[in-house]
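Grab a pencil and work through these exercises with the model open beside you. Each one sets a task and then walks through a solution.

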Amino acid sequence: MTTGTLITVAPTGAESAKAEVPALPVTLDELLSTAKECEALGAAVIHVHVRDDEARPTLDQGRLRETVAALRENTNLVVQLSSGGAVTDPEADRLAVLDARPDMASCTMGTVNFGDDVFLNRWGFIVDLHTRMQERGIVPEYEIFDLGHLTALQRLLGKYGLPHGGHVHVDFVMGVPGGMPGTAATLVAAQQMLRDLPDGTTFSATGIGRSTLPVLLASLSTGGHLRVGMEDTVTYAKGQPVESNMQLVARAVGFAQLAQRPPLTTAEARQLLGL
Ligand code: KMH
Ligand code: ZN
């Protein structure tokens, strides 16, 4: 049965520079006002990367804790911290993200070329993330950058069991240079592979850059959910920079409503995700 649409906003990421993308929310105040406005529009989950005073990506524990607390105080959004960080972040710091006790954290299911860089995710590190989240009652979102990452997820769940809450939710991050392409055909192929995962597994999808709209439309039409935001997309249309995360969330909500799959509330999102 097709449900409403879970909309996740990923407002900041670790890749864009504030100097080049002035609308990027990088301070706690900017993040909070973005979060509140995106929630009012229909987002239910926020995928968070934090920045330091110079707007550089950081995994500083104090900042992560302060951000989780402030989002909880000011919104009902499901708070998902990135354990991916930036490609330069050491494993120990990425694992320590879980100490900030978010509702959810990302868990990338394998290594992928990431433009000119490598986003390294060793098997042993994935196991540590998964099992530590089980112990701490944090719900993972399994990030899938390539089709083989789904096979790794099947292996992970087979060996180490279901995540906290028992529900499996994956996010297809498509169109990264070095990962799977952001096309409808690839999304359908990825979706077919979900058959090898536990019944009821849900997926959201996001397309980087110019693959944003094809992936969004393909996900909606195949029963998937949506992730949007300036982590993934800084161009709204050809030659038109994104003005704000709200602009991207509003567009996603509009498409979801047209598809007769309106946004899930934050309470419905918690139920879906097993929180
Ligand atoms: N910044 C990328 C290297 C995640 O948040 O878990 C990794 C990333 C995935 O954004
Ligand atoms: Zn991220």
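**Exercise 1. Place A55 and Q260 in the fold, then look at their backbone and exposure.**

Step 1: A55 sits in the loop that links β3 (50-51) and β4 (57-58). Strands here are DSSP E runs of at least two residues, helices are H or I runs of at least four, and both are numbered from the N terminus. This is a predicted model, where local features need pLDDT of at least 70, side-chain atom pairs count only at pLDDT 80 or more, and totals for chains, interfaces and linings use all residues. Residues are numbered from 1 along each chain as its sequence is written, chains are lettered from A and ligands numbered from 1 in the order in which they are written, and side-chain values use heavy atoms, with hydrogens and water left out.

Step 2: The phi of A55 is positive, near 70°, and the residue is not a glycine. Q260 also has a positive phi without being a glycine, at about 60°, and belongs to the loop between α8 and α9 (266-273).

Step 3: Now check exposure: buried means under 20% relative accessible area, exposed over 50%, partly exposed in between (1.4 Å probe, protein chains only). A55 counts as buried because its relative accessibility is 16%. Q260 has a relative accessible area of 70%, so it is exposed.

**Exercise 2. Take apart the largest nonpolar core.**

Step 1: Start with the rule: such a core joins buried Ala, Val, Leu, Ile, Met, Phe, Trp, Tyr and Cys residues through side-chain atoms within 4.5 Å. This one has 36 residues, and those touching the most other members are A43, I46, V48, L71, L81, V228 and V249.

Step 2: Elements giving it two or more residues include β1 (7-9), α1 (28-41), α2 (61-74) and α8 (245-258). The largest share, six residues, is from α8.

Step 3: Zoom in on L71. Beyond its neighbours within four places in sequence, L71 contacts L31, L32, A35, I46, V48 and V79, where contact means heavy atoms within 4.5 Å.

**Exercise 3. Find the protein donors of the zinc ion (ligand 2).**

Step 1: Look for N, O and S atoms within 2.8 Å of the metal (3.2 Å for Na, K and Ca); water is not among the atoms, so sites may look incomplete. H47 (NE2), H49 (NE2) and E231 (OE) qualify, lying 2.1 Å from the zinc ion.

Step 2: Read off the spacing of these donor residues in sequence: H-x1-H-x181-E.

Step 3: Both H47 and H49 are buried.

**Exercise 4. Describe the surroundings of T206.**

Step 1: T206 belongs to strand β11 (residues 202-207). With a relative accessible area of just 3%, T206 is therefore buried.

Step 2: List its contacts, skipping residues up to four places away in sequence: D171, F172, V173, M174, V215, R227 and D232.

Step 3: For R195, go by C-alpha atoms: T206 lies 20 Å from R195 in space, with the two 11 residues apart in sequence.

**Exercise 5. Work out how α7 packs.**

Step 1: Mark the buried residues of α7: T212, V215, L216, A218, S219 and L220.

Step 2: Trace their partners. The buried residues of α7 pack against β10 (169-174), α6 (184-193), β11, β12 and α8.

Step 3: Step past the helix: G223 follows α7 and has a positive phi, near 85°.
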